[in-house]
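Trainee: I should like to learn how aromatic contacts and burial are read from a model. May we work through one case together?

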Amino acid sequence: MEATTFLVVEAALGEQIHALLKGNGWLNPTLEPLRPSNGSIGFPLQGVQRSETVLNTVQQHLAIEATLLEGKTRYWPPMDPHHQLSEAAETWIRNHKLDVNVHDLLPTKWEKLGQLVLFPYELGQTKAWKEVAQHPMAEALWERMAHALKASSLGLQAPIANDTYRSAQVKMLTGSPDVRFSDHGITYAFDASKVMFSSGNITERRRIGAMNMQGEVVVDAYAGVGYYTFPMLVNAGAAHVHACEINPASLAGLKRGVEANGLGERITVHAGDNARSLEGLFETADRCHLGLLPSSEPVWEACLLALKPTGGVLHIHMNVEEEKIASWTSATVDYFQNLVAHHGLRFSVQPLHVERVKWFAPRVRHVVLDLSFRP
Ligand SMILES: C[S@@+](CC[C@H](N)C(=O)[O-])C[C@H]1O[C@@H](n2cnc3c(N)ncnc32)[C@H](O)[C@@H]1O
């Protein structure tokens with residue numbers, strides 16, 4: 001077997017790094033990870049030319065210690081999920097005597113939410129997929145594919161709707177869109193065909209969850225099904241979160257999550273437009289989370305006013321062109337300095353950190369700016 005480049009990190013961070021590598025298509029899923037020492041794990045990378053970029057992302061943007069290592073490993077025994085999937089599709093094609101290349105039906109990556117597997121939107125747009133989808137026995141293929149990935153339901157992703165709710169537009173192929181799963185000690189439960197759950201934001205969820213929010217009152221202006229609300233309560237130790245959410249389907253998921261995680265006393269759900277909810281949260285918060293893309297600007301002012309007179313922190317999500325991140329950051333600091341002056345607040349505005357969460361589109365990054373406001 002040829003030598004492969006491995007990204008070596010502390011074993012305790014393995015789950016987080018695995019999700020990052022897989023989400024970006026950097027992981028070679030056919031090879032087994034290495035265990036160079038007791039406390040470390042090495043993930044096989046795909047495309048040697050990208051190794052430095054991967055290392056750079058992990059070291060600089062996530063501040064995680066990592067190294068590259070050349071090594072040899074074996075293929076996953078007995079069969080990795082890609083092989084399972086390939087076998088399932090091949091069997092179905094053979095049974096139905098279709099003239100389709102199996103590789104045209106196989107995704108290189110997918111998302112798994114509990115028992116539901118979601119294939120990428122682009123796969124469903126191919127000629128081969130469309131041909132197979134019209135077959136009267138297509139459902140049997142979807143069932144086989146789901147089963148191959150140890151799931152019971154299968155769907156195709158679709159672009160997030162450009163509506164207020166940022167609704168999911170998953171096309172279900174078989175099974176139920178109702179999902180329930182745990183991530184980092186937190187249970188999420190919702191209808192994946194109605195609300196989005198961005199697995200690509202996993203590193204940001206972990207970053208937010210790793211902060212110290214002991215004793216803090218936090219406002220989550222765009223709570224969704226609790227993507228950040230729950231990590232702030234469960235992992236970061238926030239005393240109370242005011243969770244604003246407008247979409248009835250997300251509110252249903254949020255409430256299921258509150259119950260599943262036993263958070264009843266520590267959360268207030270504000271159903272409806274956050275513009276209204278935030279009026280009632282004047283000077284109550286130590287921190288506000290503003291998690292809407294492409295921009296959370298509609299609530300910048302209201303969230304500033306929601307901070308206690310002792311000040312606090314805003315986490316501002318935004319899509320920004322890569323080369324404009326620095327200028328956007330300083331323009332945003334200026335904007336808030338003007339708002340602070342306009343409202344006669346005596347805060348000093350300091351950028352604490354800019355987190356590059358993921359690529360949103362070519363050259364466009366999803367970033368989070370942590371801004372501190374202190375008297
Ligand atoms: C992108 S999702 C947020 C999910 C999560 N913060 C994340 O980044 O994965 C945005 C959420 O904000 C909600 N939302 C959008 N506009 C809103 C408004 N004016 N008031 C309250 N919630 C709103 C949507 O329904 C949706 O659940």
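Mentor: Let us begin with one side chain. The model is predicted, and in it Phe-197 has a relative accessible area of 7%, so Phe-197 is buried, the cut-off being under 20%.

Trainee: Which ring is stacked with that of Phe-197?

Mentor: A pair is classed by the angle between its planes, and planes under 30 degrees apart count as stacked. The planes of Phe-190 and Phe-197 stand at 15 degrees, with ring centres 5.5 Å apart, so this pair is stacked. Both Phe-190 and Phe-197 are buried.

Trainee: How many aromatic pairs does the whole structure hold?

Mentor: The search returns 15 aromatic pairs. One of them joins Tyr-188 to Phe-197: the centres are 5.1 Å apart and the planes lie at 70 degrees, so the pair is edge-to-face. Tyr-188 has a relative accessible area of 0% and is therefore buried.

Trainee: Which residues do ring pairs link into a cluster?

Mentor: Pairs that share a ring can be followed from one residue to the next. Here the cluster consists of Phe-181, Tyr-188, Phe-190, Phe-197, Tyr-227 and Phe-230.

Trainee: Where does the charged end of Arg-365 sit?

Mentor: Here one considers a charge and a ring. The charged end of Arg-365 lies over the ring of Trp-359, at 3.9 Å from the ring centre.

Trainee: What domains does the assignment give for the protein chain?

Mentor: The assignment lists domain 1 (4-71), domain 2 (81-176) and domain 3 (199-374). Taken over C-alpha atoms, the centres of domain 2 and domain 3 are 35 Å apart.

Methods
Residues are numbered from 1 along each chain as its sequence is written. This is a predicted model: local features need pLDDT of at least 70, side-chain atom pairs count only at pLDDT 80 or more; totals for chains, interfaces and linings use all residues. Side-chain values use heavy atoms; hydrogens and water are left out. Domain bounds come from an automatic or database domain assignment. Rings of Phe, Tyr and Trp (its six-membered ring) pair if their centres lie within 6.5 Å; planes under 30 degrees apart count as stacked, over 60 as edge-to-face and the rest as tilted. Buried means under 20% relative accessible area, exposed over 50%, partly exposed in between (1.4 Å probe, protein chains only). A charge sits over a ring if NZ of Lys or CZ of Arg is within 6 Å of the ring centre and within 35 degrees of the ring normal.
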